[in-house]
Amino acid sequence: MVNLELRLPPPLIFLLCAGAMWWLRGESQPGIWAMTLMAVLVVAGAIMGFGALQRFRHHQTTVSPTKPQHTSRLVTCGVYRVSRNPMYLGLLCWLAAWGCYLGGSWVWVGPIVLVAWLTCFQIMPEERLLRARFGDEYVAYCQRVRRWC
């Protein structure tokens, strides 16, 4: 059996989910409330995702989701005070915004699949590596900050 942990980059999973959502979309046009929610989700996703990238670059540690073993520092400031995984939370916000735009009830399978995939095949393996690398400091961080938000 193929081990999928840390193999597929999260942006690829995001794109696959977005494509599946397009295929599952409804026939309705988004209303004003859906468009407003969509805008809020796009902005929230950008703040989380780009804020996280900025923090990683500022602390000079890897942003590669397939090589978390190269992490040199534990980043706990900025958006990392709200979520232990703000980049993934940003992708989720964008996928939810896409769902608001597309309409239909089946499109919401996409965000569910994204969360399940990222939690099982990306986040949990990353957490094991970070716990091994940073020990009690990482455990204390996990107790202060939730996995998603």
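Q: How much accessible surface does the protein chain have, and what percentage of that surface belongs to carbon and sulfur atoms?

A: This is a predicted model, and in it the accessible surface of the protein chain comes to about 8800 Å², with 66% of that area belonging to carbon and sulfur atoms.

Q: How many helices and how many strands does the protein chain have?

A: The protein chain has five helices and zero strands, and reading along the sequence therefore gives the pattern α-α-α-α-α, since helices are counted as DSSP runs numbered from the N terminus.

Q: What does the radius of gyration say about the protein chain?

A: The idea is to compare the value with the one expected for a compact globule, which for 149 residues would be near 15 Å; the protein chain has 16 Å, which agrees. Along its principal axes, the C-alpha trace spans about 50 × 40 × 25 Å.

Q: Which residues does UniProt list under "transmembrane region", and what is the chain like there?

A: An unreviewed UniProt entry lists residues 31-53 and 88-121 under that name. In the model, residues 31-53 are 96% helix and 0% strand, with the end C-alpha atoms 33 Å apart. Residues 88-121 are 82% helix and 0% strand, and the end C-alpha atoms of this span lie 12 Å apart.

Q: Where is Glu 127 found, and is Glu 127 buried or exposed?

A: A residue counts as buried when its relative accessible area is under 20% and as exposed when that area is over 50%. Glu 127 is found in helix H4, which covers residues 109-134, and Glu 127 counts as buried because its relative accessibility is 6%. If residues up to four places away in sequence are left out, Glu 127 touches Arg 84, Tyr 138 and Arg 147.

Q: What can be said about Val 139, and how far is Val 139 from Glu 127 in space?

A: Val 139 is found in helix H5, residues 136-144, and with a relative accessibility of 31% this residue counts as partly exposed. Val 139 and Glu 127 are 12 residues apart in sequence, while their C-alpha atoms are 9.5 Å apart in space.

Q: Which residues illustrate a separation along the chain set beside a distance in space?

A: One pair is Arg 7 and Lys 67, which are 60 residues apart along the chain and have C-alpha atoms separated by 9.2 Å. Arg 7 lies in the segment before helix H1 (10-24), and at 54% relative accessibility Arg 7 counts as exposed. Another pair is Gln 29 and Tyr 101, 72 residues apart in sequence and 7.6 Å apart from C-alpha to C-alpha. Gln 29 has its place in the loop between H1 and helix H2 (32-58), and Gln 29 is exposed, with a relative accessible area of 69%. For the whole protein chain, among contacts between residues at least 6 apart in sequence, 78% join residues at least 24 apart.

Q: What is phi in Leu 6 and in Gln 60, and where do these residues lie?

A: Phi of Leu 6 is near 60 degrees, a positive value in a residue other than glycine. Leu 6 lies in the segment before H1 and counts as buried, at 16% relative accessibility. Gln 60 likewise has a positive phi, near 55 degrees. Gln 60 is found in the loop between H2 and helix H3 (86-102), and Gln 60 is exposed, with a relative accessible area of 65%.

How values were computed:
Residues are numbered from 1 along each chain as its sequence is written. This is a predicted model: local features need pLDDT of at least 70, side-chain atom pairs count only at pLDDT 80 or more; totals for chains, interfaces and linings use all residues. Side-chain values use heavy atoms; hydrogens and water are left out. Helices (H or I, at least four residues) and strands (E, at least two) are DSSP runs, numbered from the N terminus. The radius of gyration is taken over C-alpha atoms; the globule rule is 2.2 Å times the number of residues to the power 0.38. Contact means heavy atoms within 4.5 Å. Accessible areas come from the Shrake-Rupley method with a 1.4 Å probe; for residues, only the protein chains shown count as cover. UniProt positions are given in the numbering used here, feature names are shortened, and annotations may be inferred rather than shown by experiment. Buried means under 20% relative accessible area, exposed over 50%, partly exposed in between (1.4 Å probe, protein chains only).
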